[in-house]
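Q: I'm new to reading protein models and would love a close look at one small part of this one. Could you start there and then walk me outwards to the rest?

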Amino acid sequence: MTCESTLGFTPLSGFKVLDLSQGVAGPYCTQLLSHQGAEVIKIEPAQGDWGRHVGVSSNGHSTLSCTYNAGKQSFAVDAKHPEGKALILALAKTADIVVQNFRPQTVQRLGLDFESLTQLGLNPVYVSISGYGADGPFSENPATDSVMQADSGLMSTNRDVNGSPQRVGFLLADIATGIYAAQACTASLLQRAKTGKGVHVELNLFNVCCALQSTAFSEEVIAKQVIKQAVSAPNGIFDAVDGKITILALNNDQFQRISQALSLTHWEQDPRFATNELRLQHKAILHTELADVVRNWKVAELETRFNQHSVLHARVRNASEVLQHPQAQHLSTFQTLHQPGFGDVLIAATPWPVHTEKTPKPAPRIGEHSAKILNEIGLDSTAINKLATEHVIKL
């Protein structure tokens with residue numbers, strides 16, 4: 001039995017995705033599918049996906065939309081216009097996967113909900129993404145990443161040292177939902193291959209955020225651990241001469257390695273530190289002694305010592321330092337994508353490298369592929385230009 005290298009392996013090649021979503025969760029899901037070889041057609045209004053205008057933005061692009069829509073085709077269409085609605089439906093008939101994040105009544109009015117497509121004899125893998133789910137007391141509530149981090153307990157889980165809730169500093173709720181959705185897509189494709197029937201997958205940000213925190217919730221609700229703490233000691237961030245470094249031990253062997261690396265061998269004979277449970281009880285003593293030693297060393301010197309003793313550690317890096325990380329350099333983790341009309345954007349590699357493109361394709365401008373897409377479903381240039389003149393589509 002032979003194993004195929006992931007290089008050049010595009011498992012979704014030949015599959016078509018109709019991306020009706022906007023923002024981050026849905027677009028990230030479909031971008032992951034694109035990385036795996038799928039053709040992704042992004043449906044957006046003439047003004048573009050709202051994500052194009054959030055944060056750092058210029059000329060119909062933003063850092064957010066460049067990041068999550070790279071490599072897709074854009075079809076700009078007025079979904080409220082009867083002809084526009086008909087065009088989207090025609091594209092849905094050619095799609096293997098449909099991803100949307102509208103409220104249920106919106107896709108029902110368009111005739112693009114799962115039930116309507118099924119009644120037409122279609123069998124798509126259909127992914128619906130919402131804030132709180134399709135029904136229930138909060139189903140109509142608007143939900144953004146920040147709203148969800150607060151309402152799902154993420155901010156509370158992410159308390160600072162003073163116990164104050166803190167927002168996680170990136171779009172965790174949206175991004176995690178996109179990853180779950182992409183996995184659900186591929187699993188549902190397998191199900192459809194077995195049964196020949198379409199699959200409707202419903203995900204919501206609330207449940208995703210709760211799933212991410214299962215352990216934290218169990219510790220707080222069942223074990224009554226209200227004050228968040230590390231699972232071991234020592235375990236923390238310490239100031240060195242020229243930066244910060246995290247140091248931790250999860251078991252007795254790792255604890256001894258720290259003591260030997262920093263000549264703190266008296267720790268090994270101290271009964272207060274004999275087990276992790278005891279070390280947690282005396283964490284303040286351990287951290288004070290460790291801080292007194294670490295503050296006299298440069299980070300690079302500590303790294304050398306810790307590597308010699310296989311100590312769990314890492315320097316605390318900012319974004320620029322991560323770009324220069326030796327392993328990031330080795331793995332080609334980051335690439336600079338030139339986005340026409342916007343500028344350069346940093347793109348981090350997909351963790352599973354399934355395609356061979358050395359340079360990722362930029363995100364499309366609004367309606368960049370409208371003519372191409374319509375031509376592929378049988379419309380000629382005269383019909384396409386008429387639709388553009390009537391503002392049904394944007395070229």
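Which residue in strand 10 is the bridge partner of glycine 236?

A: Happy to help! Keep in mind that this is a predicted model. The bridge partner of glycine 236 is isoleucine 247, in strand 10. That pair belongs to a longer match: strand 9 and strand 10 pair over 5 bridges, in the antiparallel sense. If the word is new to you, strands in a sheet pair through backbone hydrogen bonds, and the pairing can be either parallel or antiparallel.

Now widen the view to the sheet around this pair. It is an open, antiparallel sheet of 3 strands, in the order 9-10-11. Strand 9 (235-239) and strand 11 are the edge strands, each pairing on one side only. On average, neighbouring strands of this sheet are turned by 20° against each other, with direction ignored. Helix 13 lies across strand 9 and strand 10, and runs at about 30° to strand 9.

Helix 11 (residues 252-261) is a good next stop. Its buried residues are Gln254, Phe255, Ile258, Ser259 and Ala261. The cover over those residues includes strand 10 (244-248) and strand 11 (312-315), along with helix 12 (276-281), helix 13 (283-294) and helix 14 (299-308). Look at both ends of helix 11 as well. At its start, a side-chain oxygen of asparagine 251 comes to within 3.2 Å of the backbone nitrogen of aspartate 253. After the helix comes serine 263, with a positive phi near 55°.

Helix 12 brings us to leucine 280, which lies in that helix. Leucine 280 has a relative accessible area of 24%, so it counts as partly exposed. This residue shows how a chain can fold back on itself: leucine 280 and alanine 233 are 47 residues apart in sequence, yet their C-alpha atoms are 5.3 Å apart in space. Setting aside neighbours within four places in sequence, leucine 280 is in contact with Ala230, Val231, Ser232 and Ala233.

Let's move on to another sheet. Here 7 strands form an open sheet with mixed pairing, in the order 8-7-6-1-2-5-14. Its edges are strand 8 (199-204) and strand 14 (393-394), each of which pairs on one side only. Inside that order, strand 1 (residues 16-19) and strand 6 (residues 97-100) pair in the parallel sense over 3 bridges. You can find one spot of this pairing at valine 17, which stands opposite isoleucine 97 in strand 6.

Those two residues turn up again in the largest nonpolar core, which has 32 residues. Val17, Cys29, Leu33, Ile97, Val99, Val127 and Ile129 are the ones that touch the most other members. At least two residues of this core come from each of helix 1 (25-35), helix 2 (63-69), strand 6, strand 7, helix 8 (172-195), strand 8 and helix 9. Helix 8 gives the most, with 7 residues. To see one member's surroundings, pick valine 99: leaving out residues up to four places away in sequence, the residues it touches include Val17, Cys29, Val127 and Ile129. Another core, of 26 residues, lies apart from this one, with Leu91, Val107, Leu379 and Val392 among its members.

Two of the helices that supply the largest core also meet each other. The axes of helix 8 and helix 9 come within 9 Å and cross at roughly 95°. The two helices are therefore roughly perpendicular to each other. On the helix 8 side, the contact is made by Leu172, Ala173, Asp174, Ala176, Thr177 and Tyr180, while helix 9 brings Leu205, Val208, Cys209, Ala211 and Leu212. Helix 9 (residues 205-212) also lies across strand 7 (125-130) and strand 8, running at about 70° to strand 8.

Our last stop is aspartate 145, in helix 6 (residues 145-151). Its relative accessible area is 4%, so aspartate 145 is buried. Its side chain has polar partners there. One is the side chain of glutamine 149, joined to that of aspartate 145 by a polar contact of 2.8 Å. The backbone nitrogen of alanine 173 is also there, 2.9 Å from a polar atom of the aspartate 145 side chain. Beyond its neighbours within four places in sequence, aspartate 145 is in contact with several residues, including Arg167, Phe170 and Leu171.

Key
Residues are numbered from 1 along each chain as its sequence is written. This is a predicted model: local features need pLDDT of at least 70, side-chain atom pairs count only at pLDDT 80 or more; totals for chains, interfaces and linings use all residues. Side-chain values use heavy atoms; hydrogens and water are left out. Helices (H or I, at least four residues) and strands (E, at least two) are DSSP runs, numbered from the N terminus. Buried means under 20% relative accessible area, exposed over 50%, partly exposed in between (1.4 Å probe, protein chains only). A polar contact is a pair of N or O atoms within 3.5 Å; within protein, one must be able to donate a hydrogen and the other to accept it, and residues adjacent in sequence count only if both atoms are side-chain atoms. Contact means heavy atoms within 4.5 Å. Two strands pair if DSSP finds at least two bridges between them. Axes are lines fitted to C-alpha atoms, for helices over the stretch in contact, and angles run from 0 to 180 degrees between N-to-C directions. A nonpolar core is a set of buried Ala, Val, Leu, Ile, Met, Phe, Trp, Tyr and Cys residues joined through side-chain atoms within 4.5 Å. Angles under 35 degrees count as roughly parallel, over 145 as roughly antiparallel, 65 to 115 as roughly perpendicular and the rest as oblique.
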